[in-house]
Amino acid sequence: MSVTTMTISVLASRAGVGVETVRYYQRSGLMTEPAKPPSGYRQYGHSDLQRLLFIRRAKRLGFSLKDIRALLALDTGTRCQTTRNLAASRLKDVQARMHDLQVMARSLESMVASCDQNIAAGVGVCPAIDNIISEQTIP
């Protein structure tokens, strides 16, 4: 069985990232850079693609590169507590952001309703602008 290899551009394309992203991950130590063969084109294998996909998925979940580095350093299945702690911390951050977004949404809904009332009443002055300036719309 032959080992399938690919160039950096093919690797990046298959993972849905740019070549510069792969190079950045190499510079930051998240991925290794293969030795340059005499042909001049570094070759990447399936494990490189899997690692790149892992990094991409972890970033999509909101993990920082520092967290991803820690996750990659863990032995599969032997460090569940550490993985759990990183995930729990990330979950807490996401929940806090969701709360903040809900507060913002309520404030914006109130602003829109206030504007709708003024428009319906034919009032030319918009108190929403004054509310933003005085931060009355943000609880």
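Which residues touch the most other members of the largest nonpolar core? Select Leu11, Val22, Tyr25, Met31, Leu52 and Ile68, which do so among the 22 residues of that core, a nonpolar core being a set of buried Ala, Val, Leu, Ile, Met, Phe, Trp, Tyr and Cys residues joined through side-chain atoms within 4.5 Å. Colouring by helix next, you will see that α1 (8-15), α2, α3 (46-60) and α4 (65-73) each supply at least two residues of this core, and that α3 gives the most, with five residues. Helices here are DSSP runs of H or I with at least four residues, numbered from the N terminus.

Before going further, keep in mind that this is a predicted model, in which local features need pLDDT of at least 70 and side-chain atom pairs count only at pLDDT 80 or more, while totals for chains, interfaces and linings use all residues. Residues are numbered from 1 along each chain as its sequence is written, and side-chain values use heavy atoms, with hydrogens and water left out.

Colour by pLDDT, the predictor's confidence in each residue from 0 to 100: the protein chain has a mean of 86, and 90% of its residues reach 70 or more. Confidence is highest in helix α2 (residues 19-27), at 96, and lowest in α6, at a mean of 72.

Stay with helix α2 and select Arg23 and Glu20, which form a salt bridge with the closest N and O atoms 2.9 Å apart; the term means a side-chain nitrogen of Lys or Arg within 4 Å of a carboxyl oxygen of Asp or Glu. These two residues are three apart in helix α2, so about one helical turn separates them. Glu20 is exposed at 51% relative accessibility, whereas Arg23, at 35%, is partly exposed (buried is under 20% relative accessible area, exposed over 50%, partly exposed in between, with a 1.4 Å probe and protein chains only).

The whole structure holds three salt bridges, so two stops remain to be visited in turn. For one of them, select Arg42 and Glu33, whose side chains meet at 3.2 Å, N to O. For another, select Arg90 and Asp93, with the closest N and O atoms 3.4 Å apart; both lie in helix α5 (residues 80-121), three residues apart, about one turn of the helix. Arg90 counts as buried, at 11% relative accessibility, while Asp93, at 38%, counts as partly exposed.

Finally, return to Tyr25, which is buried at 5% relative accessibility, and add Tyr24, which is partly exposed at 39%.
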